[in-house]
Amino acid sequence: MIKAITGTKDILPSDISKWKFVESIIDKTMQGFNYKEVRTPVFEETALFSRGIGEATDIVSKEMYTFLDKGGTSLTLRPEMTASVVRAFIEHSLAAKQNLNKLYYIAPMFRQERPQAGRLRQFHQFGAEAIGSTSPALDSEIIIMAYDILKSFGLKNILVKINSLGVPESRENYKAKLREYLQGKVAGLSEDSRKRFETNILRIFDSKEECDQKIMQDAPLLIDYLDEESLKHFESVKALLKQAGVPFEIDPKLVRGLDYYTKTTFEIVSGSVGSQSALCGGGRYDLLVEQLGGKPTPGVGFAAGIERILLACENENSLNIPVESIDLYIVRLDNGLQPNVFDLGLHFRRKGITSEFDYLERSVKAQMREANKLNARYVIILGGEEYQKGELVLKNMLDGTQENVSLDNMEYIANKFAG
RNA sequence: GUGAGUGUAGCUCAGUAUGGUUAGAGCAUCAGAUUGUGGCUCUGAGGGUCAUGGGUUCGAGUCCCAUCACUCACCCCA
């Protein structure tokens, strides 16, 4: 038997209502903030991601699905969306059409990691990017949108964590200080952290190893070395979040794994999923556009993992999905009327009234059972004496009442579903 | 990439310690309950190469080995 690739999942009809519901809330919220949807190809030239996300990051160095096409070009299935959105922004000169572009997406991403709870190889993210302004209002807006959407899913056990990474210069200053602090202590670090000391020193803060955490407890914090402008920016972001009623926590150790972040970074974590608790993450990237070959343009954005959110919703039992139902089921008393049933069904279907009938020549009882299983609001029973008299039986499945309706008064039935 | 756990019906699981006739249950599916009407109830039916391959044995779902798959955790991230 051929099975789906490791780390990929089919979304079956029984799950679709959940996804549609989630997507509709995302659409509604994003549009309320006047973000416009954008769709980009699932694969891009590999260089886009290695340059955008950073050669040394885990995503680029070991998690990408990269392959050569027949022309010998190295292509990669997108592991995240920001680089692609920025590429499209530059390629189509969106900046020329308006100063500020507010974009959002809902799309599949691909990373070749070992699957576990809340982590798949093909997974779905939604997110937003506001490109073209340094205003802290946009940092806040991005965080508020993410928070509002999660709240709309009924999630309670969530925490917003924010931090500021400052501008590159202040960060370099700080890194030097941190290196100085750690210089004599390297031997006490875990193996991974010793590597990070060379490659990405800030990430040592993320380590869960006890020995690392002990050493990092007294380490200097980035936030104390922020430049004045970044600090001011950070204060504005915090003030706006407070104003919006979004509870948050400052996490000076929140360092994100993508290279392009500057100033604000944030994460929303859930206590209701396994170890992959980050539902959502993002931040400001004022240098990315230029880095990818565009004119210097600031930006800020976030991405959220839909499967993780669904997992959290399931564990908190927070999603209230309406049960699926259909409008009409047409029962036939004798098989000879099959063409008439088909015709009648088509009549209502073309009016947008969701209708179904039996294709398997099953008994009346079986047809009624089917109607009930489908949650049909009304059932038409066609055949027998009534049919001889030019009538059909219309049964209301909610209260069980039924009435006879003349076959040339289908308006009457259609009106049951009006409005 | 590293570690641990689990693979028995469409789904959730018994059965494996002490190997022994035709491998069970619940849910789901289908059919029926005097034949023209759903939900509840009752009755019945279908559905399993017990993950795969090898080994031990008179005999393996059960013991041993290998492989594969899945799950969780590390790592990293959404």
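**Entry 1: two helices**

I started with a helix pair and found that Ile 25, Ile 26, Thr 29 and Met 30 in H1 meet Met 145, Ile 149 and Ser 152 in H6. I sorted the residues of this contact by type and got 5 nonpolar, 2 polar and no charged. A note to self before going on: this is a predicted model. H1 covers residues 13–32 and H6 covers residues 136–152. I looked up their axes, which come within 10 Å and cross at roughly 145 degrees. The crossing of H1 and H6 is right-handed.

**Entry 2: around the RNA**

Next I turned to RNA strand B and found 50 residues surrounding it. The closest are Arg 111, Arg 196, Arg 203, Arg 256 and Ala 278. Which parts of the RNA come within 4 Å of the protein? Sugar and phosphate make up 56% of those atoms of RNA strand B. I then split the surface residues near the RNA by type: 20 are charged, 15 polar and 15 nonpolar.

I looked up a few polar distances too. A backbone N or O atom of Ala 117 sits 2.9 Å from a phosphate oxygen of RNA strand B. Lys 365 uses its side chain instead, with an N or O atom 3.2 Å from a phosphate oxygen. At Met 397, a polar backbone atom is 2.8 Å from a base nitrogen of the RNA.

Which elements give two or more residues to this surface? I listed strands S6 (122–131), S10 (278–284), S11 (299–305) and S15 (391–396), along with helices H14 (364–373) and H15 (384–388). H14 gives the largest share, 7 residues.

**Entry 3: a five-stranded sheet**

H14 and S15 took me on to a sheet. The sheet is open, has 5 strands in the order S13-S12-S14-S15-S16, and shows mixed pairing. I marked S13 (355–357) and S16 (402–406) as the edge strands, each pairing on one side only. Neighbouring strands are turned by 25 degrees against each other on average, direction ignored.

I checked one strand pair more carefully. S12 (residues 326–332) and S13 run parallel and are joined by 3 bridges. Ile 330 has Phe 357 in S13 as its bridge partner.

Which helices lie on this sheet? I found H13 (residues 338–349) across S12, S13, S14 (376–382) and S15, running at about 165 degrees to S13. H14 also packs on the sheet, touching S12, S14 and S15, and its direction makes about 180 degrees with that of S12. My last jotting is that H14 both packs on this sheet and gives 7 residues to the surface near RNA strand B.

Conventions:
Residues numbered from 1 in each chain as written. Chains lettered and ligands numbered in written order. Predicted model: local features only at pLDDT ≥ 70, side-chain atom pairs only at ≥ 80, totals over all residues. Heavy atoms only, no water. Near = heavy atom within 4 Å. Polar contact = N/O pair within 3.5 Å; in protein donor to acceptor, adjacent residues only side chain to side chain. Helix = DSSP H or I, 4+ residues; strand = E, 2+ residues; numbered from the N terminus. Nonpolar A, V, L, I, M, F, W, Y, C, P; charged D, E, K, R; others polar. Axes fitted to C-alpha atoms, helices over the stretch in contact; angles between N-to-C directions. Left-handed = near helix turned anticlockwise from the far one by under 90°. Contact = heavy atoms within 4.5 Å. Pairing = 2+ DSSP bridges.
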